[in-house]
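Hi,

Here is the model I said I would pass on. Have a look at it first, and my notes follow below.

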Amino acid sequence: KDLNLPAHRVMVATIRCKEIARQQVAAFEEDTRWAGVVREAGIGLVDTFGAIVAAVIQEALDGYDEEARYFDSKVSSDRRAALVEELCGMALPVYEQQLALARADGLRGFVAGMKGGYFDSKV
């Protein structure tokens, strides 16, 4: 009976890379920095939002890369792309919340400037 080793290698890589990605998603969700950003974002603007989220996502990707490097490169690369999409999808609602708060703050500042006659004195 023929044993197709390349196909088995791809199958093992697929299973392991999915598991490694699941572990990294779990680590992302449990990260105290991520939990802190989510909590603070519910209160107001987080000055370091981008830096913190980028660092936590990068840490998850580095962890994935470290463990997945031993498996088929096509499979690990495809699964990494899916992991990036999943992590960014998890961060998107919090990012949108921060964006809405920044827009609201900008609008309040603009309205206050208009009411204060800021633009009248500049003309």
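Leaving aside its neighbours within four places in sequence, which residues is Val75 in contact with? They are Val10, Ala13, Thr14, Cys17 and Tyr64, where contact means heavy atoms within 4.5 Å. Val75 sits in helix α4 and is buried, with a relative accessible area of 14%. For that word I used under 20% relative accessible area as buried, over 50% as exposed and anything in between as partly exposed, with a 1.4 Å probe and protein chains only. Val75 and Val12 are 63 residues apart along the chain, and their C-alpha atoms are separated by 9.8 Å.

Before the rest, some housekeeping. This is a predicted model, so local features need pLDDT of at least 70 and side-chain atom pairs count only at pLDDT 80 or more, while totals for chains, interfaces and linings use all residues. Residues are numbered from 1 along each chain as its sequence is written, and side-chain values use heavy atoms, with hydrogens and water left out.

On the overall fold: the chain has five helices and zero strands. These are DSSP runs numbered from the N terminus, with helices being H or I of at least four residues and strands being E of at least two. The radius of gyration is 22 Å, whereas a compact globule of 123 residues would have one near 14 Å; the value is taken over C-alpha atoms, and the globule rule is 2.2 Å times the number of residues to the power 0.38. The C-alpha atoms fill a box of roughly 90 × 30 × 20 Å along the principal axes. Buried residues make up 26% of the 123. Of the contacts with a separation of 6 or more, 74% are between residues 24 or more positions apart.

Now the core. The largest nonpolar one has 23 residues, and Trp34, Val53, Tyr64, Leu83 and Leu87 have the most contacts inside it. Helices α1, α2 (32–41), α3 (49–68) and α4 (73–115) each supply at least two of its residues, with the largest share, eight residues, coming from α3. By nonpolar core I mean a set of buried Ala, Val, Leu, Ile, Met, Phe, Trp, Tyr and Cys residues joined through side-chain atoms within 4.5 Å. Beyond its sequence neighbours within four places, Trp34 is in contact with Phe28, Glu29, Val53, Val56, Met90, Ala91 and Val94.

One polar residue to look at as well: Gln24, in helix α1 (residues 5–30), is buried at 10% relative accessible area. With the same neighbours within four places set aside, its contacts are Glu59, Ala60, Gly63, Tyr64, Glu67 and Leu83.

Cheers
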